[in-house]
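Visitor: Please take me closely through one part of this model, beginning with a single residue and working outward to whatever surrounds it. I would like the criteria behind each term stated as you go.

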Amino acid sequence: MTATQSAIDRLGPTRRPDLPIAGTQQWRSLLFLHWTAPVELLRPLVPRAFELDSHDGVAYVGLVPFAMRKIWSVRWPRFIAFNFLETNVRTYVHYRGRPGVYFLSLDASSWLAVKGARMGWGLPYYFAQAEMNWKGADPSLIHFQSRRRGGIGHVTVEYETGAWLGASRPQTLEHFLLERYLLFVERRGRVLEGQVYHTPYPAQLATVTSVEESLLAAAGLPTIQGPPTLAHYAEGVDVEIFPLRDVTVSRHAD
């Protein structure tokens, strides 16, 4: 039975699960760029197990460059925590009434992160050279660039952080786009769900002064071009990561 939009639980995944954590991370200086995306373009890129999620009938694809800090897993000592830069291309799906993210690609400036996420989580990570810096003495002007090694895929963006929005209110477009706590992966016919927990993003508006990218085309969306429809920024959140769970439900189940 397919969940309807009205049956989707938008708030349940935002609550911390009563489960042992798999690790912790700090996500910093997040830029959320979003374009509207025709369903007929997105549908072939997303496994049929998942329903495309939409807000007021509109689907979105996001490109999110940010800094990953103090990445730690329960499998190693705390002092081994490491840092890197990441850019992900994502769209939004739901499975059995639970809304989440489906990643089309993720680029990281760490071989360890790429190998670990590919092997442990089945995520489409690629190694990239990346840098983030602030223009002059103004902390609101940020430059980010990333270029995938050995393949097509790059982004260079300059932007300015803007008006403070604060935590996104449920049922708003900002909440739909930003407050996502589940990721979904399909592996060998099984549906796997990963969950994170953090306080709501301290959201701000952002103004993009320039952007050049080929990550959307590399992910299978060559016709989505031009400036993003929406741009938001968040200074950062501290994140708890929970293990992947097999949540596969038979298509014949009620």
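**S110 and helix α2**

Guide: Leaving aside neighbours within four places in sequence, S110 is in contact (heavy atoms within 4.5 Å) with three phenylalanines, F82, F84 and F127. The model is a predicted one, in which local features need pLDDT of at least 70 and side-chain atom pairs count only at pLDDT 80 or more, while totals for chains, interfaces and linings use all residues. Residues are numbered from 1 along each chain as its sequence is written, and side-chain values use heavy atoms, with hydrogens and water left out.

S110 belongs to the loop between β5 and α2; here helices (H or I, at least four residues) and strands (E, at least two) are DSSP runs, numbered from the N terminus. With a relative accessibility of 10%, S110 counts as buried, where buried means under 20% relative accessible area, exposed over 50%, and partly exposed in between, for a 1.4 Å probe and protein chains only. Its side chain makes polar contacts, that is, pairs of N or O atoms within 3.5 Å in which, within protein, one must be able to donate a hydrogen and the other to accept it, residues adjacent in sequence counting only if both atoms are side-chain atoms. One side-chain oxygen of S110 lies 3.3 Å from the backbone nitrogen of L112, and S110 thereby caps the N-terminal end of α2, while the side chain of S110 also reaches the backbone nitrogen of A113 at 3.1 Å.

The helix that begins here, α2 (111-121), has two contrasting faces. A113, V114 and A117 are its buried residues, and they sit on the same side of α2 because they cover an arc of only 100 degrees around the axis, the arc being that of the directions from the helix axis to the C-beta atoms. An α-helix has 3.6 residues a turn, so residues three or four places apart point the same way. The buried residues of α2 pack against β4, β5 and β6 (125-134), whereas W111, L112, K115 and M119 are exposed on the face turned away from that buried side.

Within the buried set, A117 of helix α2 has a relative accessible area of 10% and is therefore buried. Apart from residues up to four places away in sequence, A117 touches G122, L123 and Y125. Its C-alpha atom is separated by 12 Å from that of S73, although the two residues are 44 places apart along the chain. G122, one of the contacts of A117, is also the residue that follows α2, and its phi is positive, near 70 degrees.

From the helix one can move on to the largest pocket. On a 1 Å grid over the protein atoms alone, a pocket is an open set of points where a 1.4 Å probe fits, with protein on both sides within 12 Å along at least five of seven lines, and lining residues have an atom within 4 Å of a point. The largest pocket has a volume of about 830 Å³, a volume being the space filled by probe spheres set on the points, which are joined across faces, edges and corners. Its lining comprises 42 residues, of which Q25, M68, W121, Y125 and I241 lie nearest the centre, and Y125 has already appeared as a contact of A117. Along with α2, the elements that each supply at least two lining residues are β1, β3 (60-73), β4 (82-95), β5 (98-108), β9 (182-187) and β10 (190-197). By class, the lining has 30 nonpolar, eight polar and four charged residues, with Ala, Val, Leu, Ile, Met, Phe, Trp, Tyr, Cys and Pro taken as nonpolar, Asp, Glu, Lys and Arg as charged, and the others, Gly among them, as polar.

Two residues in the strands that contribute to this lining deserve a look at their backbone. S29, in strand β1, has a positive phi near 50 degrees despite not being a glycine, and with 8% relative accessibility S29 counts as buried. K70, in strand β3, likewise is not a glycine and has a positive phi of about 50 degrees.
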